[in-house]
Structures are given as structure tokens and as C-alpha cells.
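Work through the exercises below with the sequence and the model open. Each task is followed by its solution.

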Amino acid sequence: MLLFAGLLWAQPGHARPLPDQDFHVVHYTARLDPDLPRKTLRGTETISVALLDAHVRQLDFDAGELTIDEVSLHGRKLSFEKTGHRLGIRLTDNPATNRHLDIKVRYHGAPRFGLEFHPQTEQLYTIFSTSQWLACLDAPDQRASLDLSVALPGDFKAIATGRLISRRRLGDQRVLYHWRQQDPVPSYVYGFAAGRFNEADARANGVDMRFLSRDMSPDQLRQLFADTGDMLKFFGDRAGIPYRGSYDQALVTRTIGQEMAGLALLSEAYGRDALQTPVDEDLIAHEAAHQWWGIKVTCRSWSDFWLNEGFADFMAAAYIQHRFGDHAYQAIVEHWQRNVEGLVASGKDHPLVYAHWDHPSRDDRVVVYQKGAYVLYLLRHELGEQAFWNGIRDYTRAFQGKSVTTADFKRAMEHSSGRNLDGFFRQWVTGSTPTGAAASHS
């Protein structure tokens, strides 16, 4: 049940229409110099762009509330305009189709969100809105690799998206960390966390894991995250794609939970509660499940956000069933069902696919997370164990490294099961739930 409370207000990057496909970002190279006491940031980045249209004259990016100081190409300054959260960069050349450009951007800011500064607990970490600390394409269907360098106090410990390449001491008692995310992923799962943390590590099924916390001891961290290795194996088995690389988890001052490529952030308060009540580790499982459903396979637009969050909620519950038995699983399902019934009774039910996801309400998030998970529970019941899990595996393997729509998921499940699912999807996915329908499937 903590899963819903913890994720209700999760907000993806700045919602906007999908960008025109006249260019593609291949790679970001960024250096960040955060000032924790002042809660400010200076950054320099190089955006490696492949032009797909010979006539493109302007490149548009998301840049949150950052102040852009300079934009240049091969040492020559480019003109630009910052309008709201958008950065428009004007090209002066006459580039040919598929030409590659390395555009350098210098910027600074005092992010109100996206990059959290907590001087009182000596921590800083990113959460949800990458464009508040990095000019980027903040759309889920836009994947790019990343080199991220962050200058931090010398006694801080840090984790981030990608593999740690180096730690280099600077002349001012700081250390410059450098991580590389080689596989292209959406920018909303870029990020890092740093602070004066206690640390523990573990290894399971070939995966190196690292756990960080300010308040918990290494022994408590190992106890709290004792099931992480088993979760990664469980999800890898269900997806048909074993987890590769390392996986880090950090308890930070305040967060509702955040998945990033190769790591997850949870709050110290949640960690204390889950340590006392292990069956409540569904939020740990939810964030781990995102490594497949949300990162490897990502919704094409926020309109299909349930393919990220409904999947993570459902897969977390499936792990709870695996770990604690059918009774624990059914308790979560009944919670979803009550919330769906509440939506229907109050007239606030909504199809899982949204026309627009610009200003989601609390009820919209109940739809995407809880109704989305409940619909997967119903589909499991409809198809049976073998057909359902075969379908999940085939869908995940077919679309790994890609962005998907609800129609893609429907076709994959129909192909694997040999069933026509038009009626099921009309009732539960693309339409509103009929009164009494949720209760009839209990």
C-alpha cells in the first residue's frame, strides 16, 4: 500500500508535444559544478546532434528554469532564445542531411526542483525533471547516451547513471566524478545522488549492488535491501532479459521515490518503515522493476504513461506474491480494486491512454498507477499464467531499447496468446470502466 502513497505525485519531465523529428540527440557530455550551501548550479554540456532534415535552421530543447549563458558550435557563438522552459538554438550554416553537430552550452541556475539541495543533511540529488539541470530533449521517446561529470566535496560518496569511469581530485578539495551511460536511455532517467553517506555492498546473481544512507548503518542497509538481488532476478526472468551491470540504491532526505538507469532513490523515512515491515518493500520492487518497464521499454509519450507506472506497480505486486505469498498479493490487488471502484463511483474514471498529460491530477495518477496495475492483474486472470507471462516476456524482449504505445502492447499479447483482445482493451484500457465491473472481477 505504501507504493501508491509514495508515488502519487511523481511528475515526469516537462510535458510537451513530441518534438519534430528533424534532428536526433546522439549523446550528451556534461560537467556540473553544484554549490550545495548556495543551492546553485553551473554547467557546461556538449550536445551531439544528428540532423535528419537538410533544411533545419533551429534546434529546440527543454531547459527548465536554467539561465543560458552561451551557445557555440566549433568555437563560434550561436544565437539562441530562451522562451519559458524552451531553448531555441539558431543554426547559421547550411547543414546537409545527417550532418553531426557538437553544440556546446554554458548555463547556470538555482533549480527549485529537479535537482534537490539539502545543506542541512549534506546531500544533493536529482529527481524527475532532468531539464532543470541539463538542457536536453525531455521526451520519453528520445534516447541518448551520456557522459556525466560532477564536482563534489572530497568526502562525499556518490552514485549516478552509468558506470563510474574516474574520480579525479581538483585543486580546491573537490573530486570530479565521471560516469558513462553507454546504452542510450531517455533523459528523464539520468541523474545522481551525493552526500556524506554510510555505505554497504552486496553481490547476487552476478550483479554488484551498493546501498547508501545517512542514517542507517551498513548492517541495516544490508537488511533493508536483502531482497534486491532476488528482485532483479525475478524481473529478469519475467522479462526474458537478465539484469546486466551494477545496481545502486540510496536513501535520501526526502523523495517520493525515483528510478534512474542503474539506480533508485528512496527516502530515509520509507527505509525506516520498510525495515520494520519487510512486506512493505513493494516500493523497492517498483523502482527495480522500472529497469525493464520504464527504461528498457519506455512509453512513446506521457499519454501512455501507464505502460511505465502501471507495469511497475503490477510487477512489484507480482514480486510480493513470489516473496510473501498469495495473501500479500491479494491484499495489494484489493487495494487497487477499491481505488478503481472509487474512481468509477465519483465519475473520475478515465481510459488508461490519455489524449494529453499536461496537468495530471491526483485522480489521473490513480488511473495510471493503480488502475493500470489492476488491468494487468485482470489480463493475467483472463489469459492464464502461461499465456500471460509468455506475452510479457515476448513484449519486453521485442521492444527493449525502444518506445512503445498501448497498441504495441496489445498486439504483442494477442500474438503470444493467440487471442483477440479487442473486447478486453475496449472495456479496460481505451474506455472507461463500467459501474460494477471492477467488483465483478474480485
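**Exercise 1.** In which sense do E19 and strand E20 pair, and over how many bridges?

*Solution.* The model is a predicted one. Start with the pair itself: E19 and E20 (residues 263-267) run antiparallel, with 3 bridges between them. Next, find a facing residue: Glu259 is opposite Ala264 in E20. Then widen the view to the open sheet, whose 5 strands follow the order E16-E17-E18-E20-E19 with mixed pairing. E16 (198-204) and E19 (258-260) are its edge strands, each paired on one side only. On average, neighbouring strands here are turned by 15 degrees against each other, direction ignored.

**Exercise 2.** Find the strands that helix H4 lies across.

*Solution.* Locate H4 at residues 268-276. The helix lies across E17 (207-213), E18 (247-252) and E20. Its angle to E20 is about 85 degrees.

**Exercise 3.** Classify the ring pair Phe234 and Phe235.

*Solution.* The ring centres are 5.6 Å apart, and the pairing limit is 6.5 Å. The planes stand at 70 degrees; over 60 counts as edge-to-face, so this pair is edge-to-face. Now check burial. Phe234 is buried at 5% relative accessible area, and Phe235 is buried at 0%. Both belong to one aromatic cluster with Tyr243, Tyr247, Trp292, Trp293 and Tyr319.

**Exercise 4.** Trace the surroundings of Ser417.

*Solution.* Place Ser417 in helix H10 (residues 406-417). A polar atom of its side chain lies 2.7 Å from the backbone oxygen of Met413. Leaving aside neighbours within four places in sequence, Ser417 contacts Leu383 and Ala387.

Note on methods
Residues are numbered from 1 along each chain as its sequence is written. This is a predicted model: local features need pLDDT of at least 70, side-chain atom pairs count only at pLDDT 80 or more; totals for chains, interfaces and linings use all residues. Side-chain values use heavy atoms; hydrogens and water are left out. Helices (H or I, at least four residues) and strands (E, at least two) are DSSP runs, numbered from the N terminus. A polar contact is a pair of N or O atoms within 3.5 Å; within protein, one must be able to donate a hydrogen and the other to accept it, and residues adjacent in sequence count only if both atoms are side-chain atoms. Contact means heavy atoms within 4.5 Å. Rings of Phe, Tyr and Trp (its six-membered ring) pair if their centres lie within 6.5 Å; planes under 30 degrees apart count as stacked, over 60 as edge-to-face and the rest as tilted. Buried means under 20% relative accessible area, exposed over 50%, partly exposed in between (1.4 Å probe, protein chains only). Two strands pair if DSSP finds at least two bridges between them. Axes are lines fitted to C-alpha atoms, for helices over the stretch in contact, and angles run from 0 to 180 degrees between N-to-C directions.
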